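Work through the following exercises with the sequence and the model side by side. Each task is followed by a solution that goes step by step.

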Amino acid sequence: MAIDRRGFLGTVAASVLTGPFALAQTNLSEKKVVPLDLPLDNADVWTLHFRYKPLRIVQVNGFDKNGRRAKQTVWYMWYQVYNLPREGRPGEPVTFLPQFELVTKDLNTTHLDEPQPYIFEQIRKIEDTNVSPEKPEGELKFKNSITISKRPIPVSKPDATPRVVSGLAIWTDMAEVAPKTNKFSVYIAGLSNGLAKEELRTGELLIKRKTLQINFVRPTDDNNPLITDIRPDDANGPAEQWVYRTSSVTKSIGAGRVAPKAPPPPPM
C-alpha cells in the first residue's frame, strides 16, 4: 500500500509517541519575545514579556453545528506572560486584558479566540499532565483569555525567576471558517498600555494600540492535520514584531474646531 510523506511522518510519530500528552512534546520549543520601545511610546508605557509555542492542532471532544457531541479540530496557542519593568522604571502589578486575533493573509478573514470552558479543560490537561483531583489547577495553572484578567500580573525581580502566568488561546473549526489557509498572523493586544492617535485628512481619528504581531505559516492542508503543522514564519525577518495597530476609528473634531454642545433638555 502506498503512503505519502505526511502519512509516513504521522506513522513514525505514532510509533514513537502515544497519546496527546506525548504528542504535545513534539512541537517546536517555546520562543521568548522581549518588550521593545517604539517611537509612539509615551514615558508611562509598560509592556509585558511574552513566551509562546507555535499554534498546535489537536482533535478534542466537542459539538457539531447541530449541538450534537462530535470530535472537533481546534487550534491553540500555549503562552506565558510576566511583568519585568525596564531598567530605571518603577514596577507595579498590571492587568492583562488580552485579545487574540488570528488574521489570515491568504483569505483575508479575522477570527477571535474562543475560550470555551469544555474545550479549554481538555487542552489544559494535554499541556499540563499534573492536573488531577488532588491538584485541580495542575502545575502551570492555565488561564483562558477571560480568567487571566481576574488578577494583575505580579512584578518580577530582575535577579529572580520570573513570576509567569500561563494561558491558552483557542480557535475552533478553522478548517471550516478559514479553509486551506497557509499564512496568517496572530495579533495580541493587551500586553501593553501603549495608545496613540492619528488624525486623517478625512476627519477620522485612528486609535492605535501597541500590539504584538506573530506571523505563522502552515505548509500543509486540512487533510490529516498534525499537531506540529504550524510554525513561525521568519522567511522575511523575525516572525515576532511590536506594532501600533489600529483598534478603532472615530470622527475627529479637528484642530481649531469646537465640539458641538449637547442639545438643551426638552421643556418640562
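**Exercise 1.** Find which residues are linked into a cluster by ring pairs, and classify two of the pairs.

*Solution.* In this predicted model, ring pairs join F50, Y52, W75, Y79, F96, F100, F184 and F216 into a cluster. Start with Y52 and F216, whose ring centres lie 6.1 Å apart with 90° between the planes; because an angle over 60 degrees counts as edge-to-face, this pair is edge-to-face. Y52 belongs to strand 2 and F216 to strand 10, 164 residues apart in the chain, and both residues are buried. Next take Y79 and F100, with 4.9 Å between centres and 40° between planes, a tilted pair. Here Y79 in strand 4 and F100 in strand 5 are 21 residues apart, and both are buried.

**Exercise 2.** Identify which residues have the most contacts inside the largest nonpolar core, and which strand supplies the largest share of this core.

*Solution.* The largest nonpolar core holds 34 residues, and F50, L55, M77, V81, W171 and V186 have the most contacts inside it. Strand 4 gives the largest share, four residues. Turning to V81, its contacts beyond four places in sequence include F50, F96, I148 and L191.

**Exercise 3.** Describe the second largest pocket by its volume and by the classes of its lining residues.

*Solution.* The volume of the second largest pocket is about 380 Å³. Its lining comprises 15 residues, with K141, K143, R151, V164 and V165 nearest the centre. Sorted by class, the lining has seven nonpolar, six charged and two polar residues.

Technical notes. Residues are numbered from 1 along each chain as its sequence is written. This is a predicted model: local features need pLDDT of at least 70, side-chain atom pairs count only at pLDDT 80 or more; totals for chains, interfaces and linings use all residues. Side-chain values use heavy atoms; hydrogens and water are left out. On a 1 Å grid over the protein atoms alone, a cavity is a set of points where a 1.4 Å probe fits but cannot get out, and a pocket is an open set with protein on both sides within 12 Å along at least five of seven lines; lining residues have an atom within 4 Å of a point. Grid points are joined across faces, edges and corners, and a volume is the space filled by probe spheres set on the points. Ala, Val, Leu, Ile, Met, Phe, Trp, Tyr, Cys and Pro count as nonpolar, Asp, Glu, Lys and Arg as charged, and the others, Gly among them, as polar. A nonpolar core is a set of buried Ala, Val, Leu, Ile, Met, Phe, Trp, Tyr and Cys residues joined through side-chain atoms within 4.5 Å. Buried means under 20% relative accessible area, exposed over 50%, partly exposed in between (1.4 Å probe, protein chains only). Helices (H or I, at least four residues) and strands (E, at least two) are DSSP runs, numbered from the N terminus. Contact means heavy atoms within 4.5 Å. Rings of Phe, Tyr and Trp (its six-membered ring) pair if their centres lie within 6.5 Å; planes under 30 degrees apart count as stacked, over 60 as edge-to-face and the rest as tilted.
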